[in-house]
Each structure stands twice: as structure tokens, then as C-alpha cells.
Amino acid sequence: MSKTILVVDDSPSIRQVVGLTLRAAGHQVVEAVDGKDALTKLDGRKIHLIVSDVNMPNMDGISFVKEVKKLPDYCYTPILMLTTESEESKKAAGREAGAKAWLLKPFKPEMLLSAITKLA
Amino acid sequence: MIDPVQIFKEEAAEHLHVLETALLELEEHPNDQAQISAAFRAMHTIKGAGGMVGYDHLSYFTHHLETFFDRVRDGRLALTSEKINLVLEARDHIATLLEDPEPSAELMVISETLLRHFRQSESGTAASSAPSQSAPSVAETADEQSCLYRIQIKPHRNAFKDGFDTLPVIRELRSLGPCHVSGYLSPDLLDESFEADTCYLAFTVLLSSQCERAALDDVFMFVQDDWDIQISTIGNDEACRVGDLLVKDGAISPEVLESIIQTQARTGELAQQQGLVDKEQVDRALAEQNYIRQQQKSKQPEEQSIRVPQRKLDSLMDQVGELVILQARVDQLALDLEHEQLASMAEELERLVTNLREITFDIRMLPIGSTFGRFRRLVRDLAQELGKEVELETQGEDTELDKVVLDKLVDPLVHILRNSLDHGIETPQKRIEQGKTGKGLLSLKASHYQGQILIEISDDGAGLDKDRIRSKAIEKGLIREDAQLDNQEIYALIFEPGFSTAAKISDVSGRGVGMDVVRSSIESLQGRVQLESEKGKGTRIRILLPMTLSIIEGLMVAVSNEKYVLPLNLVEECIETSASEISTKNGSRLIKHRNQMVPCLRLRECFSVTGVQPSLEQTVVVRSGDTQLGITVDEVIGNFQTVVRNLGRLYQDTPGVLGATILGDGGIAMILDVGQLAGANDSNKVQTT
């Protein structure tokens, strides 16, 4: 089933890899470069899932999650955080904020797709 | 009464086949405990049953073979290829001994010689590699069976707020195996007032799956920290009582259950009566119970099967065939009488007959794997004999074919394999000189292709020498010296009678009867055979066969008052043609079909049907192999499913006719052989009888 997925990451290469993987699996992808940009993309359109990086300029992933949880239209949207091994404390903060699903970078495309099937 | 000796012979033949397969497997994987057990069981059964029906000597011989193999099974004796050869020899000897309960003196001498060999090989080498690394035990192999899991999922009350849905989890569980999911309101949260974004759901999932526990945990990767997940396994023999299930679901406590059981009645009903649980909960537990029992039952070792003589199957098929015809007549009658009630009954009857026909048809279908299995031994022995190294690769073993077709297919396939081994695959030395691997690859593939069965036999051997085939064909007078032939036509020459390219006649193949026998036997099965080859690279033979010979999906057409049936799987399209649209060129008529010129024949002329030719005709475009052919008829009537009847002996060889069928009104329609019609049209010698 095709889903619309918001991908938030400041790294163009990660956005590209994630975007390619998701599109190849038949999903629609909306891209954003940081948390602030991502919030502007949450403009009423239907988003099934958010995939977000943690460390980003302007607005980081944790703050972004907190903002999303305040939006009545999007507060129930599943969020998958992409993170590196060293960010254990961030992970706890993220869980606290409401992002319960995490994927460690680097990951294989099939791991991402498998994680998505668990969420939406 | 059936002769017990006959039954034993059949049974023993089957066990010998199992034994052989196991041994050949063991040759590749000498430590495969499952195969060793299979081989041992086969010997054991032959010994036991043989003694029962008077095969004393055979029983004696097999007993000693079994003793020898018992040591292999214990790991006291390592299974070398030399020993496998010996056991294979013994296996063949048993097959010989099967012919007569009281064997000749010579055979008994051979038995003794073989047994002596066994004793020698036993004392010669004790197990070289003591099985210290613990050979896989039978218990471990049993683990591969699917396991019944009981998974209790209680999502966290904030699951929705956290962005989780319960559906993906259940969907993923379902992808692991057959599931029974029951959802209910979580007993812990029942007393709370309702809030829209709180998750009150809980689930019990019964899953039958071969997956490992880790795969299950993986499903709950994101939610395991927050949700209450309990996974337990249900043993295959574990009793499942409604009461226990109610306790597990948390509907009642064990103490309450105990007190109910004291009263000795149906637990579920009682618990409900006493207001301890509601009906819904009991129903759920009952549904779970049902599922568990069903899964446990389905895991009973292997499907039961019975042996039925071929004759009975054939007569069943005949009867079903008659029924199909009768049903068509009822249909016709209902149509003629315009009787509504009869028509609806005819429709119902048609549905039943179709089901019955499919089931009967299915019974006759056998996987081709058993036939492939037989070839492994053949290829191995032949390769050894010829001093070649060959690996036989098989694919599509579970492709099913009508037993009759399968039986008749064995000989031609053996012939082709022999040819490949003898002329195709080179000796290891020669192969290495040519930069190939020393071991040749012979591959046997079966698959479905355009509603037919495709069998491909390919090798990576020497391939065919086109020039040599050509000169040989000229020499034999098969073609004229100036004949213009394309590759396909040249290769087709080797299927001509009296053509054999082998320079010298060897034991294995090339004894005058050549590939023409292969072609004629395939054609007698309504099949086609094709060959492709590249010199030095290998050869590929493709055989296309219908799945069955007895029932055909046909397209009925009419010419004047005559009706004909075309095999539907070969029909590509029906088009309307007026007489003028068909252009004539060099005596053969062509029609333009999808920008291609397709040769075309008029059925009326083929069979000299009298009557007036309508100005607007129908042309059915059919495909035979790679060629298309238009068959012009007066009228296309429609799909028609029918039983093929063979023609009487007098008419059996009529070209272009495959058989006949009885129509609903009692009339007869000829079933056309499109391949032959196409061939006849090609060579412009359409019979006008």
C-alpha cells in the first residue's frame, strides 16, 4: 500500500538514499531539510509516517518531534528517528518527546522498509 | 485377492528408490543424518516385509546390509564414496533378488561376495573422523517443524499517542504464518472512562510458524519497551482446555477455574452461567481452542495417502468424461426448452461437474520430480562409464503432469540425456583444454509455459556442428545440396528418421534409432520438441507438452453443418474476414493481422466441406510453436470444454485431426491438430480427402 512519508534530514545524500528506497517501494516522499522546514510541510496534507534525523540545524529532531506532538492533525503520526550509535542520550530524549521508533545509521534499505511496515 | 508377494514387490521397489535417492544425497553430504536414517529405514522395511512373504534369502542379505549400515548410523563407520558404491551395488542386487523368492545359486554366490566386501570394508577402516563434534541428532531435525506460538499483546494505553497503530504489528505476524487473531478490550482498562486517544485494545494471536523466536521479537522491536508482550509456545501434544485458555486470557483467575472444574461440567458454559465471564470471552476461547486443535492436527506427521491401481483411476476419469458430456446435453436441452428451472439446475450441475472434473484431473497429476530423481542415478552411472564428470541440476520438480504423459516421457528424456552425456559433454581433459570447468553441467528444468508444460534439457558441452549436420543430411539424401536452411531448420534435421551424427556407434547412444524416436514419441503426446545449440557452448532441447491428453479447453467453430474444436490454449484471436481481404501469394493465402502477414487456410477446403461459403467469414489466428496460422471458418461458436475421444483405428492417422468429441446434442465434432495443420499448410500438401 502506498504511503506518503515525510523525510527530514539535513544531509542531501541521506535524503536521497532514503527517498530512493521509499519511492522504489512505491511510497510517496515529501522531503524537508530540517525541523523548521518539515513543520512547513505539515500543511494539512495526509502524512502516514515521518522519518527524521536527530542532529539538524535550525531545529533539531527532538524539538521537531515535540512540535509535531502539539499539532492536532499530526500528533498521532508515527515517527521513525534515524540516529547514530553515539546518540544514546538523545534516544532517551526522543522517546520522552514521543518518537518511539529508532533506526541506527548506517542501515540497509531493507531494514528501513522493514521498520516502516512495523509502523504504518 | 491380491497376491501379497506382488504387494511386497511394489513396496520394495519404492523403498529401493528411497534408498537410492538417500545414497546419492549422501554421496554429496556424507554426514546428512536424515538421509542415513532414511536409507536405514528403507533397508529395515525390506528386510522385515521380505521375511514375511517368503523372501528368505533376500531377507538374510538385507539383514547383513542393515547391520553394516547400522554402524554407519551410529557413527562408528564413516561413509566413504567407496562404501556408497558398495551399498548401491547391494541395492541393485536386492532389486535382482526381488524377481524370485528362491534365487538361483549364482545369485546367492553374488550375495556372499557382496557381504564379504562389506565385512572387508568394515574391518579395513574404522570411522576415520570420530563424530566428536556431535553429529546432528534426530531431535534437531525435528526442530525445523513449525511451532505453535501463543502471543498475548497488550498495547500501552498511550500507544496511539506515541504514533503506533496495532494493525502493522498484527499484519507482520500474519506474514510469518497462519494466524488466529482475537481482539478484545484489555481487561485491565475496562473500568476506566472512555477517552478517544487511549488504546483499550488487547490481542491474543495464535501463530503457527517455522520462524525462530528472534524473528518474533523483531516484530515487536519498537514497542517491546512499552507494550506488554507475552510469547509462549504451545506443545503439539499439549491439551488445550477452554478453562486454561480463559485463564491465559486473564478472563478468570486460576482459583476460580479450579472451583468451576470441581463441579464437573463444561467449563466455558458454567463460567458463563455463573456470570464470571461473558459469552464473548468464552466464544473467543473456543475459537482459540479450535485453531490450536486444527494446527496440532495438521502437524500430524505427513499426509495420509492410499495406493490405487491405475485402472481404477482411468475408469473414474472415463466416468467423469461421460458426465461432462451428459452435462453438456442437459445444458443444451435447457436452452432448447427455455425452461428456467431446468436451466438453473443445469448451471448448478455444471459447477459440480467442473469441480469433480478438476479433482479427478488433479488426482492423475504427478510431480515430475519423481521422474527427475530416477535420472540422477542414470546420469551418475553413465558419466562414470564414459569417464566424464557431470553434475545434474534439476529445477521445477513440483511441476505436475498427467501420469500418462509422465510415463511416456521417460524414454525420450532418457534418450536425450544419454545423447547429451555421450556426444554433448566432453571429457574433463578436453573441457579444461577449452577453458571450461572439468565438470560438465547437465540441467533439467520443468516449468509452466503458456498453459503448457515446458521441459528443458541443456548441457554446456560441445554443442552441435551445423556444417556437419548439413553435409550428413545431404549425404543421407534428406536435403538437396543447394537447400537454403536457417539454423532452426538445420537443427530440426537431427530429428529426421535415419539421421545419426555419431562418428562411431557407442554403447550409450547412436544405435541407429536416433532423435527421430524422441520426436515421434513427443509428438504422440501432442507435444513439440525444439533444439538450439551453439558449437562449443552447449545444446538446449525444449519440449513443450500439454498438461493432459484427456480433457481439452476448446474453441468450437462451424463450417456449414460441421463442427470443429480448436485447442483454446493455442488460439490467439478471432477476426472477421471477408473473402476479398485475403490476398493470395504463390498459392498460399495470407491475411494481414496486427501488421503481420499470417498464412491462412480455409477449413472448408481442407476437409472438402460442401455448402455455401458465406461472404463474411471468421478467421481464428492460432499459434503453433513460433509460427502463426489463420484458420478460416464460417462461424465461431464459443468456448467448449470437452473430453478427447480417440478416433477409431481406421482414422487414427488422419492428418490434422487430434481426436473427436461428442457434443451436447449427440453430434460429433473433430478436434483439430493445429501443429499438423500448420505443417501441412507450410509444405502445401493439405490433404483433401
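A crossing of two helices is right-handed if the near helix is turned clockwise from the far one by less than a right angle. I start my notebook with that, as the first thing I looked up was a helix pair in chain B of this predicted model.

**Entry 1: two helices of chain B**

I checked how helix H15 (residues 369-386) of chain B meets helix H16 (residues 403-424) of chain B: they pack at an angle of about 25°, and their axes are 11 Å apart. Angles under 35 degrees count as roughly parallel, so H15(B) is roughly parallel to H16(B). I then looked up the handedness, and H15(B) passes H16(B) in a right-handed crossing.

Next I listed who makes the contact. From H15(B) I noted Thr371(B), Phe375(B), Leu378(B), Val379(B), Leu382(B), Ala383(B) and Leu386(B). From H16(B) I noted Leu406(B), Leu409(B), Val410(B), Val414(B), Leu417(B), Arg418(B), Leu421(B) and Asp422(B). Sorted by class, this contact of H15(B) with H16(B) comes to 12 nonpolar, 1 polar and 2 charged residues.

I picked Val414(B), which sits in helix H16 of chain B, for a closer look. Is Val414(B) buried or partly exposed? I found 18 other C-beta atoms within 10 Å of Val414(B), and a residue needs 20 or more to be buried, so Val414(B) is partly exposed. I also took its separation from Val379(B): 35 residues in sequence, and 9.2 Å in space from C-alpha to C-alpha.

**Entry 2: the five-stranded sheet beside H16(B)**

Staying with H16(B), I saw that this helix lies across S6, S8, S9 and strand S11 (538-545) of chain B. H16(B) runs at about 20° to S9(B).

I traced the sheet itself, an open one of 5 strands in the order S6-S8-S9-S11-S10 (chain B), with mixed pairing. Its edge strands are strand S6 (390-395) and strand S10 (528-534) of chain B, each pairing on one side only. On average, neighbouring strands of this sheet are turned by 15° against each other, direction ignored.

I went into one pair in detail. Strand S8 (residues 440-449) of chain B and strand S9 (residues 452-459) of chain B pair in the antiparallel sense over 8 bridges. For Leu444(B), I looked up the bridge partner in S9(B), and it is Ile457(B).

**Entry 3: the four-stranded sheet**

I moved to another open sheet of chain B, with 4 strands in the order S2-S3-S1-S4 and antiparallel pairing. The edges here are strand S2 (179-185) and strand S4 (228-234) of chain B, and each pairs on one side only. Between neighbouring strands of this sheet I noted an average turn of 15°, direction ignored.

S2(B) and strand S3 (residues 201-209) of chain B pair in the antiparallel sense over 7 bridges. Within that pairing, Tyr184(B) stands opposite Ala202(B) in S3(B). I also found helix H7 (residues 167-174) of chain B packed on the sheet, where H7 touches strand S1 (147-154), S2 and S3 of chain B. The direction of H7 makes about 15° with that of S3(B).

**Entry 4: strand S22 of chain B**

How many of the 5 residues of strand S22 (residues 668-672) of chain B are buried? I got 4, so the strand is mostly covered.

I then looked up two pairings of S22(B). Strand S13 (residues 562-567) of chain B pairs with S22(B) in the parallel sense over 2 bridges, and Val565(B) stands opposite Ile671(B) there. Strand S21 (residues 657-662) of chain B pairs with S22(B) in the antiparallel sense over 5 bridges, and Val657(B) stands opposite Leu672(B).

**Entry 5: two positive phi values**

Ser560(B) lies in the loop between strand S12 (551-559) and S13 of chain B. I read its phi as near 50°, positive in a residue other than glycine. With 16 C-beta neighbours inside 10 Å, Ser560(B) counts as partly exposed.

In chain A I checked Asn58(A), in the loop between strand S3 (49-53) and helix H3 (61-70). Phi of Asn58(A) is near 65°, again a positive value in a residue other than glycine. Asn58(A) is partly exposed, with 13 other C-beta atoms within 10 Å.

**Entry 6: where the chains touch**

Last, I looked at the interface: 11 residues of chain A are in contact with 12 residues of chain B. Helix H5 (residues 109-119) of chain A gives the most to the side of chain A, with 3 residues. By class, I noted 6 nonpolar, 3 polar and 2 charged residues on the side of chain A that touches chain B.

Note on methods
Residues are numbered from 1 along each chain as its sequence is written. Chains are lettered from A and ligands numbered from 1 in the order in which they are written. This is a predicted model: local features need pLDDT of at least 70, side-chain atom pairs count only at pLDDT 80 or more; totals for chains, interfaces and linings use all residues. A residue is buried if 20 or more other C-beta atoms lie within 10 Å of its own, exposed if 12 or fewer, and partly exposed in between; C-beta atoms are placed from the backbone. Two strands pair if DSSP finds at least two bridges between them. Axes are lines fitted to C-alpha atoms, for helices over the stretch in contact, and angles run from 0 to 180 degrees between N-to-C directions. Angles under 35 degrees count as roughly parallel, over 145 as roughly antiparallel, 65 to 115 as roughly perpendicular and the rest as oblique. Two residues are in contact if their C-beta atoms, placed from the backbone, lie within 7 Å. Ala, Val, Leu, Ile, Met, Phe, Trp, Tyr, Cys and Pro count as nonpolar, Asp, Glu, Lys and Arg as charged, and the others, Gly among them, as polar.
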